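Reader: Could you take me through this structure, please? I have the sequence and the coordinates open.

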Amino acid sequence: MKVSCLQEHLARGLGIVGRAVATRTTLPITSNVLIATEDGRLKLAATNLEIALSCWIGAEIEEEGRITVPARLLTDFVNALGDPQARIDLSLAPRSKQLRVVAARNQATIGGMDADDFPPIPQVQDGVCAEIASGPLRQAIAQVVFAAATDDTRPVLTGVDTVMDGDRLTLAAADGFRLSVRRLSLKAPVPERTEVIIPARAMNELQRLLGDEDETVELRLNAAKTQALFKVKNVELVAQLIQGTFPDYERLIPTEYVSRAVVDVADFLRETRIASIFARDGSGIVRIQFQAGEELQPGKMIIMARAEEIGDNTGEIDAQVDGEGAKIAFNGRYLQDVLQVIESGRVALETRSPSEAGVLRPVDDEDFVHVVMPMFVQW
């Protein structure tokens, strides 16, 4: 193999696939990155057997070849070179398992392993295929993935439920204490309703790959619904799907309320962050109370936190209140998580009682809803 490319292209490619490199593994080769020539370009690939990332970069190819080398070592060396426009020459002697890397006055030899021993990247085909605009998909992932469970007690909750039905895509995640649901449009209808559970980690990696531009992302499933492939630009991500049945979350979303307060998202987030400082020593509890205004006065939302023997805090913001006044308490971190991903200027908080789930809905976005369980407190 004899290949030449620019430092910035190689560094970017290694940075992309490096997210899939296994760090703790009983299979040493999964700590490596695959370097191979393919169709006139240089292919980089890595896998931890749960997700696989492949990236193609422009290169001058003099001789074909392939090898795997330690991902961290190669990445650190390439990044340390500094000059983005530096030419990097990669070469592999015949029947050798050493990669020679030359850049200006720097050169290195890195011991590798045979590419034939690298776990094959699955070929995902024959299943349902959909196309999605990258900007809306990136936003949708951000609005649901944080609500997925982080422990494996119920494996299905560690993923994002993904439903394609007609020209609509619905993403949902829940951890038993909160639920996030986001709907968005597909570029074209799918032939049949399809539901799969994609690991939250894979969704996080996909979100990092996506830009805000209105590019097209291709989502393809295999016929057995065990693997999903995402294609964007010169990058492919393959994820092993979670098998099981996601809870029927639609019935968990309250359709009626007794009290509703509409507030500015930025104000609500700011006061929640302030209250959370005091809530750290009080089990993370943030208390919320809202009251309707009298005569021509606006209503208000009061956001409080207190910790015994430490101190307390009370903040107040204007609110448009419908229905009765209300009191309810939430985990402050849960509130911050959802308020940070609401891009609308105003959000509605709906409640039925202090012991029932609260619902947050952006005022100008009917396609997003978040449900959070309350905390039981003495007022």
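Author: What follows covers the sheets, the helices packed on them, the cores and two loop residues. This is a predicted model, in which local features need pLDDT of at least 70, side-chain atom pairs count only at pLDDT 80 or more, and totals for chains, interfaces and linings use all residues. Residues are numbered from 1 along each chain as its sequence is written, and side-chain values use heavy atoms, with hydrogens and water left out.

Reader: What is the strand order in the sheet of 12 strands?

Author: The order is β14-β11-β12-β13-β25-β24-β23-β18-β21-β20-β19-β22, in an open sheet with antiparallel pairing. The edge strands, β14 (194–199) and β22 (326–331), each pair on one side only. On average, neighbouring strands are turned by 25° against each other, direction ignored. Strands here are DSSP runs of E with at least two residues, helices are runs of H or I with at least four, and both are numbered from the N terminus. Two strands pair if DSSP finds at least two bridges between them.

Reader: Which strands are joined to β25 by bridges?

Author: Strand β13 (residues 178–185) is joined to β25 by five bridges, and β24 (residues 358–362) by three. Both pairs run antiparallel. Leu179 has Val371 of β25 as its bridge partner, while Leu360 is partnered by His370. β24 and β25 also form a hairpin, with five residues between them.

Reader: And how many residues of β25 are buried?

Author: Five of the five residues in β25 (368–372) are buried, where buried means under 20% relative accessible area, exposed over 50%, and partly exposed in between, with a 1.4 Å probe and protein chains only. Phe368, His370 and Val372 point one way, and Val369 and Val371 the other. In a regular strand the side chains alternate between the two faces of the sheet.

Reader: Which helices pack on that sheet?

Author: Among them are α3 and α6. Helix α3 lies across β11 (159–165), β12 (168–174), β13 and β25, running at about 170° to β13. Helix α6 touches β13, β19 (285–291), β22, β23 (346–351), β24 and β25, and its direction makes about 90° with that of β22. Axes are lines fitted to C-alpha atoms, for helices over the stretch in contact, and angles run from 0 to 180 degrees between N-to-C directions.

Reader: Is α3 mostly covered or mostly open?

Author: Helix α3 (residues 134–144) is mostly covered, with eight of its 11 residues buried. Leu137, Ala140, Ile141 and Val144 are among the buried residues.

Reader: What does Leu137 touch?

Author: Leaving aside neighbours within four places in sequence, Leu137 is in contact (heavy atoms within 4.5 Å) with Ile132, Leu169, Leu171, Leu184, Leu206, Leu210 and Val217. Leu137 is also one of the residues that touch the most other members of the largest nonpolar core, which has 100 residues; Ile35, Phe268, Ile288 and Met301 are the others. Such a core is a set of buried Ala, Val, Leu, Ile, Met, Phe, Trp, Tyr and Cys residues joined through side-chain atoms within 4.5 Å. Apart from the largest core lies another, of 16 residues, including Ala149 and Phe246.

Reader: How do α5 and α6 cross?

Author: The axes of α5 (residues 265–279) and α6 (residues 332–339) come within 10 Å and cross at roughly 150°. The two helices are therefore roughly antiparallel; angles over 145 degrees count as such, under 35 as roughly parallel, 65 to 115 as roughly perpendicular and the rest as oblique. Residues of α5 including Phe268 and Leu269 meet residues of α6 including Leu335 and Leu339.

Reader: Switching topic, what is the order in the sheet of five strands?

Author: That open sheet has the order β5-β1-β7-β8-β9, with antiparallel pairing. Its edge strands are β5 (60–63) and β9 (106–111). Five bridges join β1 (residues 2–6) to β7 (residues 87–92), and Val3 has Leu90 as its bridge partner in β7. Helix α1 (residues 7–17) lies across β1 and β7, at about 95° to β1.

Reader: Which non-glycine residues have a positive phi?

Author: Asp39 is one of them, with a phi of about 55°, and Leu49 is another, with phi near 80°. Asp39 lies in the loop between β2 (32–38) and β3 (41–47) and is exposed, at a relative accessible area of 72%. Leu49 lies in the loop between β3 and β4 (51–58) and counts as partly exposed, at 47%.
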